Amino acid sequence: MAKYLLLKHYRGAPAPVNDVPMDQWTPQEISAHVRYMNDFAARLEKIGEFVDGQALAPEGSWVRYDGEGRPPVTDGPFAETKDLIAGWMVIDVDSHERAVELAGELSAAPGAGGRPIHEWLEVRPFLTAHPTVTE
């Protein structure tokens, strides 16, 4: 089994087919979307392919170490993760092909008007070994 991250983006990915931002959806459309996501996760959990998943709140900040005795630095001159990443799901599957199959299914979650979003999801395998350094 191999673990993959299915990453949902607010922006930064190609536009989905049903490109109405979630803040413009009705409460019923949001509920239908969340129900689809929960049902999808529950189905994968039953067959042992679901590891975890979360929606992310829009607030957040970048933080980095700025030297001994100095407070951490926040934010910077770059796009912030809170503006880009909407949420994620971790799956544990037999192959990359299965990860792509599930991402395609997850992409069909309903959005505005109850129509599938057809959003782009980023599929990233977990690093399973440290990269080797060649000299």
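Helix H1 lies across strands S1, S2 and S5, and its direction runs at about 20° to that of S5. Helix H3 also packs on the sheet, where H3 touches S1, S5 and S6. The direction of H3 makes about 140° with that of S5. With these two helices as a starting point, let us walk through the rest of the structure; please keep in mind that this is a predicted model.

## The overall plan

How many helices and strands does the protein have? The secondary structure comes to 3 helices and 6 strands. Followed along the sequence, these elements give the pattern β-α-β-β-β-α-β-α-β. The protein has 135 residues, and 27% of them count as buried. Its exposed surface is about 9,200 Å², with carbon and sulfur atoms supplying 57% of that area. Contacts also reach across the sequence: of those between residues at least 6 apart, 77% join residues at least 24 apart.

## The sheet

In what order do the strands of the open sheet stand? The sheet has 4 strands, arranged S2-S5-S1-S6, and the pairing is antiparallel. Strand S2 (50-55) and S6 form the edges, as each of them pairs on one side only. From one strand to the next, the twist averages 15°.

Take a moment to look at S1 and S6. These two strands pair in the antiparallel sense over 5 bridges. One residue to find here is Leu5, whose bridge partner in S6 is Arg124. Arg124 appears again below, in a salt bridge with Glu122.

## Helix H3 and its buried side

Helix H3 covers residues 96-106, and its buried residues are Arg98, Ala99, Leu102, Ala103 and Leu106. Why do they sit on the same side of H3? These residues cover an arc of only 140° around the axis, and that puts them on the same side of the helix. What do they pack against? The partners are strand S1 (2-9), helix H1 (27-46), strand S5 (85-93) and strand S6 (121-125).

## Salt bridges

Side chains of opposite charge can pair when their charged atoms come close. How many salt bridges does the structure hold? There are 5, and the table shows some of them.

| Pair | N to O distance |
|---|---|
| Arg43 and Glu105 | 2.1 Å |
| Glu101 and Arg98 | 2.9 Å |
| Glu122 and Arg124 | 3.4 Å |

The salt bridge between Arg43 and Glu105 links two helices. Arg43 lies in helix H1 and Glu105 in helix H3, so the pair ties together parts that are 62 residues apart in sequence. Arg43 is partly exposed, with a relative accessible area of 35%, and Glu105 is partly exposed as well, at 30%.

The pair of Glu101 and Arg98 stays inside one helix. The two residues are 3 residues apart in helix H3, so about one helical turn separates them. Is Arg98 buried or exposed? Its relative accessible area is 17%, under the 20% cut-off, so Arg98 is buried. Glu101, in turn, counts as partly exposed at 47% relative accessibility.

In the third pair of the table, Glu122 is partly exposed, with a relative accessible area of 27%. Its partner Arg124 also counts as partly exposed, at 46% relative accessibility. Elsewhere, salt bridges that share partners join Glu49, Arg98 and Glu101 into one network.

## A look at Trp88

Our last stop is Trp88, which is found in strand S5. This residue is partly exposed, with a relative accessible area of 25%. Which residues are in contact with Trp88, leaving aside its neighbours within four places in sequence? They are Leu5, Leu6, Leu7, Asp52, Gly53, Gln54 and Leu56. For one of these contacts, the spacing can be given in two ways: Trp88 and Asp52 are 36 residues apart in sequence, and their C-alpha atoms are 8.3 Å apart in space.

Conventions
Residues are numbered from 1 along each chain as its sequence is written. This is a predicted model: local features need pLDDT of at least 70, side-chain atom pairs count only at pLDDT 80 or more; totals for chains, interfaces and linings use all residues. Side-chain values use heavy atoms; hydrogens and water are left out. Buried means under 20% relative accessible area, exposed over 50%, partly exposed in between (1.4 Å probe, protein chains only). Contact means heavy atoms within 4.5 Å. Accessible areas come from the Shrake-Rupley method with a 1.4 Å probe; for residues, only the protein chains shown count as cover. The arc is that of the directions from the helix axis to the C-beta atoms. Two strands pair if DSSP finds at least two bridges between them. Axes are lines fitted to C-alpha atoms, for helices over the stretch in contact, and angles run from 0 to 180 degrees between N-to-C directions. A salt bridge is a side-chain nitrogen of Lys or Arg within 4 Å of a carboxyl oxygen of Asp or Glu.
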